[in-house]
Each structure stands twice: as structure tokens, then as C-alpha cells.
Amino acid sequence: MTEMITVERVGRVAVLKFNRPKQLNALNAQLAAELVETASTLDRDRDLGCFVLTGNEKAFAAGADIAEMQERTYPEMADEDYFSIWEEFSAIRTPKIAAVNGFALGGGCEVAMLCDFVIAGRSAKFGQPEIKLGVIPGIGGSQRLSRLVGRGLAMDLILTGRMMDAEEAKSAGLVARLVDDDKVLETAIAAAAQIASYSKSAVRWAREAVNRSDEVTLREGILFERRVFHSLFATQDQKEGMQAFIEKRTPKFSGK
């Protein structure tokens, strides 16, 4: 546990929780650094299979910490490459599920999109209201949102700054699963435990194959997928998984 991030281990799952309740989990530089350091350390743990990232019942994260940024100048922001640390979180190879209750706005919405998928409560609210502050999204919102929900809806949300409810977010493709508010964390942990029960090598490569689809042509993506599929036949987990299927038993994956 750090000052702004709490950690709970549930078997092979690590639940990472934003811990700035008075600020509705506003994302500042210290929180980002603590999250990246904590997640990077756990990413090297062979017994860890999945992360769940969450906030509290009022807010996953209501945005970036405006008070921290307000007085900064352009040279200061550019020299520090402010917000670039979030790409380090995105690059962590262990799967990440965002469990969202309450507000996921601005940076909060963007951090949810850094995860592999989102499980949200029915009362959750999403949006990119940065335009109301005279700026634009800065943690990838203009890019990831358009890939997830389409150019038109992304333009609508970013240019008007309006919020969308969880039902609209689910219909648009931003949210993968929509559940009752009091079931969000439970559902996310169950999904994470299922992912963590599989071959760690296969899970990591599956993530890379899906993520590659955002960046290459269909032909190149299919070739990449096929080559990864071939390479997994060099793993012990492939042998165990297929042998267990033939023998009608549950496989015992080792991550090798």
C-alpha cells in the first residue's frame, strides 16, 4: 500500500484502488507515480495473473487534478512531458480490468480506457469534459475513445464535454459489461480470477494480438496472430492445455 494506492491480493488477482476519496480520486502526479511503481513491481510477480483497477462508489476518478496543473506554463508541461507516465501503465503486460462506479471523467475515463476492458455499474458516468477548461484530453482520450466508440461519438463527447451514462457507454462499446452498482468489484474480481487461471504466456500474447489490430492492416494483423499462435506450441502450457482437454480434466498451467 502507498499513500494514494491501496493493494489487495485475492488469489492471483491484485486489486488496485485509488485512495483520494475527498478529491473524488483526482489524478495527480504522485498518484500516477505510485500506481505505475506498484503495478510494475507486481507485473514481475509470476504468481499474479490479472489486475483490477477501481475507485469508490462515488468516483472511479473524476478527472485529473486541476489544482496541480493550473499555474503551469507550456515550457514546464512540455519539458516534463506531463502525463507521459500513463503510457508506462498502459504498457504493463499483465491484463488490467477497470471496475467503474460513479464518475469516470476526463483523465478518469482515459485511465479506464488504458485497461483491457471496463466493467461498470449502472450509475456510472463517463465523459471527456476538458474542453470546458480550455484544453483537450491529454492521456490519449482523443485517440482511444474514437477507436472504441467511433469518430462521431468521440467528437460529440470531446467537443461538447457532455457526460454519457453507463447504458450509452455499453451500447457504444466503451463498457464491456454493465452490472448493478454493488456487483461491480465482485464481477471484476471474478473475471480477473478467470483470466488469471489461464496460461500467462497465452494471455499476454492474446492481449498483444488484439492491441496490434489498432495499429496495422488486417493482413499484417492476421499474420502476426498466426505467428504468435505458432510460437505458443513451444510452451509447456500448450501441451498441458491440449492434453487436459483430451483427458477431460482441468489443466494445470505453469506459465512456462
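What radius of gyration does the chain have, and how does this value stand against that of a compact globule with 256 residues? In this predicted model, in which local features need pLDDT of at least 70, side-chain atom pairs count only at pLDDT 80 or more and totals for chains, interfaces and linings use all residues, residues are numbered from 1 along each chain as its sequence is written. Side-chain values use heavy atoms, with hydrogens and water left out. The radius of gyration, taken over C-alpha atoms, is 19 Å, which agrees with the value near 18 Å for a compact globule of 256 residues, the globule rule being 2.2 Å times the number of residues to the power 0.38. Along its principal axes the C-alpha trace spans about 60 × 40 × 40 Å, and 44% of the 256 residues count as buried (under 20% relative accessible area, with a 1.4 Å probe and protein chains only).

The chain contains 12 helices and 10 strands, defined as DSSP runs (helices H or I, at least four residues; strands E, at least two) and numbered from the N terminus. Helix H10, residues 200-212, reaches 18 Å from its first C-alpha to its last, close to the 18 Å expected at 1.5 Å a residue, where the expected span is 1.5 Å times one less than the number of residues. Lys 200, Val 203, Arg 204 and Arg 207 are buried in H10; seen down the helix axis, the buried residues fall within an arc of 95° (from the directions of the C-beta atoms), so they line one face of the helix.

How values were computed: Buried < 20%, exposed > 50% of the residue type's maximum accessible area, 1.4 Å probe, protein only.
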